Amino acid sequence: MDRNILIQYVDMKQRIKIIKERIRKLEKEITDLRKMEVADTVKGGYGGTQHFKIEGRPDGILDKKKKHLQKRQDMLQREEMELLTLTNEAEEYIQSIKQIELRVMFDFYYLQDLNWTQTAYRMNMMYPNRNIPYTAESCRQRNKRFFEKNL
């Protein structure tokens, strides 16, 4: 196992966020279409001299959007199953790191989706008696050195 698992894990989480946002937008469009009433006036009858008002909903578009919504929900479900697999692999990779301190740091950054500043804060909370406190830059640098050393 290598760093690619962590990168794939982070990318997959972003992909799922994008799909969820698309689903949310599509659901809003469907809700708006359900509320929408379309009206039109047409000529007909006695030689085209009469006018008729036609009202209704755009059911054709509504049905298509519902099909797209179902496809996206299915896609989201598949992606979430793949994310679960990647989560397990990422956790196994982090557990294989010998230094416990780095394990904790990587767990915060990669698995809990914290940025380096938040990671440094949490590390300082876990190790309050450390002589030199953690900073965002020190955490980032330790991450960089670890992967340069283990490539």
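Which helix is the place of Lys25? Lys25 sits in helix 1, and that helix is a good place to start a tour of this predicted model.

**View 1. Helix 1 and helix 2, side by side.** Here we look at helix 1, which covers residues 3-35, and helix 2, which covers residues 59-95. Their axes come within 8 Å and cross at roughly 160 degrees. That angle is over 145 degrees, so helix 1 counts as roughly antiparallel to helix 2. As for handedness, the crossing of this pair is left-handed. If you sort the residues of the contact between helix 1 and helix 2 by class, you get 20 nonpolar, 4 polar and 15 charged ones.

**View 2. Arg24 and Lys25 on helix 1.** Zooming in, we find Arg24 in helix 1, and Lys25 belongs to helix 1 too. Is Arg24 buried or partly exposed? Its relative accessible area is 42%, so Arg24 is partly exposed. Lys25 has a relative accessibility of 48% and therefore counts as partly exposed as well. For a sense of distance, take the C-alpha atoms of Arg24 and Lys64: they are separated by 16 Å, with the two positions 40 residues apart along the chain. Now try Lys25 and Lys98, which are 73 residues apart in sequence; from C-alpha to C-alpha they are 44 Å apart in space.

**View 3. Ile100 on helix 3.** This close-up picks out Ile100, a residue of helix 3. Because its relative accessibility is 54%, and anything over 50% counts as exposed, Ile100 goes down as exposed. How many Å separate the C-alpha atoms of Ile100 and Leu26? The separation is 44 Å, for two residues that are 74 apart along the chain.

**View 4. Helix 3 meets helix 4.** Next up are helix 3 (100-111) and helix 4 (116-126). The axes of helix 3 and helix 4 come within 9 Å and cross at roughly 140 degrees. An angle over 145 degrees would be needed for roughly antiparallel, so helix 3 and helix 4 end up oblique to each other. Their crossing is right-handed.

**View 5. Asp113 in the loop between the two helices.** Stay with helix 3 and helix 4 and look at the loop between them: that is where Asp113 is placed. What is phi of Asp113 near? It is near 60 degrees, which is a positive value in a residue other than glycine. Asp113 has a relative accessible area of 39%, so it is partly exposed.

**View 6. Ala120 tucked into helix 4.** Moving along to helix 4, we come to Ala120. With a relative accessible area of 4%, which is under the 20% cut-off, Ala120 is buried. Ser138 makes a handy partner for a distance check: Ala120 and Ser138 are 18 residues apart in sequence, and their C-alpha atoms are 8.1 Å apart in space.

**View 7. The largest pocket and its lining.** The last close-up goes to the largest pocket, which holds about 380 Å³ of space. Its lining is made up of 18 residues. Which of them lie nearest its centre? Those are Ile97, Phe146, Phe147, Lys149 and Asn150. The elements that contribute two or more residues to this lining are helix 1 and helix 5, the latter spanning 136-149. Helix 5 supplies the largest share of the lining, 5 residues. By class, the lining of the largest pocket comes out as 8 nonpolar, 4 polar and 6 charged residues.

Conventions: Residues are numbered from 1 along each chain as its sequence is written. This is a predicted model: local features need pLDDT of at least 70, side-chain atom pairs count only at pLDDT 80 or more; totals for chains, interfaces and linings use all residues. Side-chain values use heavy atoms; hydrogens and water are left out. Axes are lines fitted to C-alpha atoms, for helices over the stretch in contact, and angles run from 0 to 180 degrees between N-to-C directions. Helices (H or I, at least four residues) and strands (E, at least two) are DSSP runs, numbered from the N terminus. Angles under 35 degrees count as roughly parallel, over 145 as roughly antiparallel, 65 to 115 as roughly perpendicular and the rest as oblique. A crossing is left-handed if the near helix is turned anticlockwise from the far one by less than a right angle, and right-handed if clockwise. Ala, Val, Leu, Ile, Met, Phe, Trp, Tyr, Cys and Pro count as nonpolar, Asp, Glu, Lys and Arg as charged, and the others, Gly among them, as polar. On a 1 Å grid over the protein atoms alone, a cavity is a set of points where a 1.4 Å probe fits but cannot get out, and a pocket is an open set with protein on both sides within 12 Å along at least five of seven lines; lining residues have an atom within 4 Å of a point. Grid points are joined across faces, edges and corners, and a volume is the space filled by probe spheres set on the points. Buried means under 20% relative accessible area, exposed over 50%, partly exposed in between (1.4 Å probe, protein chains only).
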